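Here is a friendly walk through some helix packing. Have the sequence and the model open side by side as you read.

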Amino acid sequence: MKLWAGRLQGQVDEKLNELNASIGFDSRMYRQDITGSIAHARMLGKQGIIPAEDAEKIVAGLKDILAEIEAGTLEIDMTSEDIHTFVEGELTKRIGDAGKRLHTARSRNDQVALDLRMYLADEIDKTVELAKDLIAALCEVAEQHLESVMPGYTHLQRAQPVTLAHYLMAYAQMLLRDVDRLKDCKKRTLVLPLGSGALAGTTYPLDRQYVAEQLGFGGICMNSMDGVSDRDFALELMSDLSILMMHLSRFSEEICLWCSWEFKFVTLSDSFSTGSSIMPQKKNPDITELVRGKTGRVYGDLMTLLTAMKALPLAYNKDMQEDKEAVFDALDTAQLSLEVLAPMLRTATFHPDNMKKAALGGFINATDCADYMTKKGVPFRDAYCVTGQLVNRCIELGTTLDALPLEEYRAFSPVFDEDVYAAIDLLTCVRQRSIPGGPAPETVKKQIEAVRAQI
C-alpha cells in the first residue's frame with residue numbers, strides 16, 4: 001500500500017510506478033532509516049505524543065527488523081516504493097496498530113533528508129579511511145626512495161632534480177587536503193532536518209535536540225523549508241569527491257607515463273595489469289587508465305545534481321530524488337578507486353636507475369650550475385646566460401654538464417673550478433634543497449613523519 005493512499009483513487013500507471021520507485025537504490029540506507037526511526041519513536045514516547053508502550057513496541061520491532069536484515073534472514077521487498085515504505089509496512093505487519101503511529105509528526109520529506117545525511121556521514125568516514133590508507137602507502141614507498149633521484153617536470157619537460165620520495169609526497173599532500181575537506185563536509189552534513197515535516201514543521205511538541213543527540217548530529221536545521229529542500233551537503237560531498245578523483249587521475253596519469261617504455265620508471269605487479277587480446281608482449285596499466293576515466297564519471301554525477309537543483313522552488317520537489325543515484329555512484333566510484341590504488345602502489349617495482357638516467361640526460365642541474373656561479377659573485381642573469389650557452393655547447397658535443405671538460409667551462413667563465421662537478425652532481429643538487437618543503441632526503445623524511453602524524 002502506498003504511504004500516500006487515500007487522496008487518490010484507482011491504480012497508478014505501471015510506468016509511473018517504475019519512474020517513481022526508489023527502492024532499487026535507497027534500500028542501501030536501511031540501517032540509517034531504521035536507526036533514525038528508532039530515535040524518532042523514542043522522542044515521540046518521551047514527549048507523550050504517542051503512548052510510551054507503543055514507542056517501546058516500535059523500538060523493539062525496528063531493532064528486530066534491523067537485526068534480521070543484517071543477518072540475511074529478512075529480505076528487503078524490492079517491489080516496495082522505497083525503503084521507508086518497506087520498513088513501516090514490515091513493522092506494522094509485526095506489531096499492528098502501534099506501527100502505524102511511527103510516522104506521527106514526520107513526513108517522508110524530512111525522513112529521507114535525515115536518512116541521506118546519516119548515510120553520507122557514514123560513507124564520508126569510510127572514504128576518509130581509504131584515503132588515509134593510500135596516504136600511508138605513499139609514505140611507505142617514499143621512505144624507500146629518499147635518495148632515488150629523478151627528473152621533476154614542468155610542461156612535461158625535464159626541469160630540475162627531485163627524488164621519487166618527494167614526488168610521491170606531493171600526492172600525499174593533495175590527499176591530506178581531500179581528507180580535511182571531507183571531514184569539514186561531515187560537519188555540515190550532520191545537521192538534523194527531522195522535525196521540518198513536509199515543509200512547515202508540525203504542531204506536535206517535538207524535542208528535536210533530543211533526536212539530534214541520539215543520532216550524533218551537531219545541531220538542527222533552523223528553517224523547516226530549508227531543512228527538507230537543502231541538498232548542499234550532497235553537492236559539497238560530490239564536489240570534494242570530484243577534487244579527490246582529480247588528484248587520483250593526475251597520479252594515474254603519472255603511472256601510465258612511467259609504465260611506458262619511453263619512461264620505464266615503474267613496473268606494476270601482474271595482479272594490477274592486463275594484457276592484449278592480440279599483442280602478446282603487452283602489459284597495460286589498465287587500473288590507472290580506468291581511474292583516470294572514472295574521474296569524468298564523478299564529475300558527471302556532480303553536474304547531474306547541480307542541474308537537477310538549479311531552478312527548484314521551495315520546498316521539496318520530486319526532482320530531488322535524483323540526488324541519491326548520483327551521490328551513491330560518486331561515492332562508490334571514489335571508494336573503489338582508492339581501494340585499488342593503495343595495493344597497486346605497494347606492489348609496484350620502481351626503477352631508480354632509469355630515473356637517474358633520465359635525470360642525467362635532461363640538463364636538469366642547469367639551475368644549480370647558474371647558482372654555483374652566482375655564489376661566486378656573478379649576477380644571476382649573467383650566470384643564467386652563461387649556463388644556457390654551456391647547455392648549447394653540451395648539445396653540440398653530445399655530452400652533459402656533468403661530463404663537460406673543465407676547459408670548456410672556463411672558456412665561458414673564469415669562475416669555474418673543479419668544485420663545479422660536486423656542485424652540479426644530481427644528488428648534491430637534491431640534498432642542498434633542504435629548506436622546508438624541499439626535496440632533500442632529510443627534509444622529505446620530515447614530510448613523511450608529519451604526514452603520518454596527521455593520519
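## Helix packing

Helices α3 and α5 lie oblique to each other, because their angle falls outside the classes of roughly parallel (under 35 degrees), roughly antiparallel (over 145) and roughly perpendicular (65 to 115). Their axes come within 10 Å and cross at roughly 55 degrees, with α3 covering residues 30–46 and α5 residues 83–95. The crossing is right-handed, meaning that the near helix is turned clockwise from the far one by less than a right angle, while anticlockwise would be left-handed. On the α3 side the contact (heavy atoms within 4.5 Å) uses Tyr30, Asp33 and Ile34, and α5 brings Ile83, His84 and Val87. By class, these residues are four nonpolar, one polar and one charged. Here Ala, Val, Leu, Ile, Met, Phe, Trp, Tyr, Cys and Pro count as nonpolar, Asp, Glu, Lys and Arg as charged, and the others, Gly among them, as polar.

A word on the source: this is a predicted model, in which local features need pLDDT of at least 70 and side-chain atom pairs count only at pLDDT 80 or more, whereas totals for chains, interfaces and linings use all residues. Residues are numbered from 1 along each chain as its sequence is written, and side-chain values use heavy atoms, leaving out hydrogens and water.

Next comes α7, with two of its partners. Axes are lines fitted to C-alpha atoms, for helices over the stretch in contact, and angles run from 0 to 180 degrees between N-to-C directions.

| Pair | Axis distance | Angle |
|---|---|---|
| α7 (residues 108–143) and α11 | 12 Å apart | about 20 degrees |
| α7 and α8 (residues 164–189) | within 9 Å | roughly 165 degrees |

So α7 is roughly parallel to α11, and their crossing is left-handed. Leu116, Arg117 and Leu120 are among the α7 residues in this contact, and α11 contributes residues including Phe233, Ala234 and Leu237. The contact of α7 with α11 has twelve nonpolar, one polar and one charged residues.

With α8, by contrast, α7 is roughly antiparallel. The crossing of α7 and α8 is also left-handed, and their contact has 21 nonpolar, two polar and six charged residues.

How far apart are the end C-alpha atoms of α12? They are 35 Å apart, which agrees with the 34 Å that its 24 residues (286–309) should span at 1.5 Å a residue. Buried residues of α12 (under 20% relative accessible area, 1.4 Å probe, protein chains only) include Ile287, Val291, Asp301 and Met309. Among the elements covering the buried residues of α12 are α10 (224–229), α11 (232–259) and α13 (322–347).

Conventions:
Helix = DSSP H or I, 4+ residues; strand = E, 2+ residues; numbered from the N terminus. Expected span 1.5 Å × (residues − 1). Buried < 20%, exposed > 50% of the residue type's maximum accessible area, 1.4 Å probe, protein only.
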